[in-house]
Amino acid sequence: MDFERALIEYWQGNSLTQGEATVIVACSGGPDSLALLDVLNRLEDVLSIRVIAAHYEHGIRGEASKADADFVRKYCRANEIPFFMESGNIPVVTKITGESMETAARRMRYDFLDKVAADFDNGVIATAHHADDQAETVLMHIIRGTGTKGLSGILPKRGNIIRPLLIFSKADLMAYCREQGLSPRVDETNFVADCKRNQIRLELLPLLKKKYNINITSNLCNLADIASADENLLNELTQKAVAELCNTTEQNRISCRTADILKQPLALQRRVIQYMAQYMETSLSFGHVEALRGLIADNTTGSSINLPGDCQGRISYGIVYVEKIYSDFLKNDDTIKGNSLDMRLNPFSEILLNDGGIISSKLVHSLVDEMPFSKNRIYCDASKSGRSVIVRYRRPGDRLLLSAGGKKLKDFLIDEKIERNRRDCLPVVVSSLSGEIIWVAGVRQTKVALVDENTKEYLILSYKPKE
């Protein structure tokens, strides 16, 4: 392979820079980044770039770490390459932030590189990720669980970061260093299987290559290339669907008609839902996406589900809302700011409440052999309550339907002599069919969804307060 020619074609084919650019090469002194720095320095005129080296000394490996920095500095001086450096103490940082060593080092390193890039017009950061890194990343994403975005792996360009070496293997870069007479530094920690990425590099990939497919690295890189192209197309279709279907005019929420989402192909349903979450500055796991899709398919007014990022998905009259959850109620409602709960309780499942209590649910066709009714255990007619119910805390305007008639929940709690500081911690169970309150858990069942002689399916709800 003509190394320089291949790099030029890859660079131009992926438009890694536009016009004259300053390329800040992140150089550790190892074979990958040294090869990148050396070849870009040789190709400055061809690529219309100015090359600068940047080295972040993490303070992890003691004298060896300082020797790496000195090596890069001397190389740059000998080759007349501008050199920038910053030192940190990652072990101390991790004690303060609780981050892993790898995460903290990466964050601090990129903060430094961003600062250097900001000092130059049209400055971009070049990292030495190569094909082996790409294979490791894709495999790591597969193991962790991912979609096409994760299968895309490391992109040639993301923001102001470029990866010019993704078409080259580690062996290619080692060969380049030998041919150019370079003697790169060796980081011994790369050969210790003490983190997930190192385990994949040192143990799993060699096993897959030896016992299953000698071409596993190139195949994973091809998969990343295919997935990246598919992801780009699906993103375009998603943006078009979102522009047509979603309403973003209301503050703190985004909405869409449930019927419009359900008309879309399954892939776009999931992506529109994920977009709605991202619009609210959160992201959803596959489980969350599917749970919200189920809520949309049920299309029951009043049903909702808690989502990450203090958000909820909620159905109201054929519209799904993804919105922030706020519990800033009116001052005269005596509610506690920040105390929020709004979750769907499905049969044969349980919900862990904010205070550590548990509400559980099950469906039966007979009450024979069941434990007796109590304030912490009730029976409902599932045809009236819904097989799934909503568990939440009280809200302004809540009312109960009792044997003596209707009553404000606030007044009921006062009459029951529930201490003021407990009122916001009592779970309220609501019918998923009517939106009416079925039960103030641990206090009273209402007249809504009571069993009678015609009941065929019983929903049994149990409440276990925190001890």
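A salt bridge is a side-chain nitrogen of Lys or Arg within 4 Å of a carboxyl oxygen of Asp or Glu. The structure examined here is a predicted model, and by this rule it holds 25 salt bridges.

**Exercise 1. Determine whether Lys66 and Glu63 form a salt bridge, and state how each is exposed.**

Solution. Step one concerns the distance: the N to O separation of the two side chains is 3.9 Å, and the cut-off is 4 Å. The pair is therefore a salt bridge under this definition. Step two concerns position: Lys66 and Glu63 are 3 residues apart in helix 4, so about one helical turn separates them. Step three concerns the surface: Lys66 has 49% relative accessibility and counts as partly exposed, while Glu63, at 59%, counts as exposed.

**Exercise 2. Identify which parts of the chain are tied together by the salt bridge of Arg387 and Glu457.**

Solution. The closest contact in question is first stated: the side chains of Arg387 and Glu457 meet at 2.8 Å, N to O. Arg387 belongs to the loop between helix 15 and strand 15 (389-392), and Glu457 to the loop between strand 20 and strand 21, so the bridge ties together parts 70 residues apart in sequence. As to accessibility, Arg387 is partly exposed at 47%, whereas Glu457 is buried at 17%.

**Exercise 3. Describe how strand 2 is joined to strand 1 and strand 3.**

Solution. Begin with strand 1 (residues 21-26), which runs parallel to strand 2 and is joined to it by 6 bridges. One of the partners is Ile52 in strand 2, paired with Ile24. Next, 5 bridges join strand 2 to strand 3 (residues 83-87), again in parallel; here Ala53 has Phe83 of strand 3 as its bridge partner. Helix 4 (residues 63-78) completes a right-handed β-α-β unit with strand 2 and strand 3. Finally, strand 2 (residues 49-57) is mostly covered, since 8 of its 9 residues are buried.

**Exercise 4. Classify the aromatic pair of Phe84 and Phe120.**

Solution. The model has 5 aromatic pairs. For Phe84 and Phe120, the centres are 5.9 Å apart and the planes stand at 85°. Angles over 60 degrees count as edge-to-face, so this pair is edge-to-face. The two residues are 36 residues apart, with Phe84 in strand 3 and Phe120 in the loop between helix 6 (101-118) and strand 4 (123-126). Phe84 is partly exposed at 31% relative accessibility, but Phe120 is buried at 19%.

Definitions and conventions: Residues are numbered from 1 along each chain as its sequence is written. This is a predicted model: local features need pLDDT of at least 70, side-chain atom pairs count only at pLDDT 80 or more; totals for chains, interfaces and linings use all residues. Side-chain values use heavy atoms; hydrogens and water are left out. Buried means under 20% relative accessible area, exposed over 50%, partly exposed in between (1.4 Å probe, protein chains only). Helices (H or I, at least four residues) and strands (E, at least two) are DSSP runs, numbered from the N terminus. Two strands pair if DSSP finds at least two bridges between them. A crossover is right-handed if, with the strands pointing away from the viewer, the path from the first strand over the helix to the second runs clockwise. Rings of Phe, Tyr and Trp (its six-membered ring) pair if their centres lie within 6.5 Å; planes under 30 degrees apart count as stacked, over 60 as edge-to-face and the rest as tilted.
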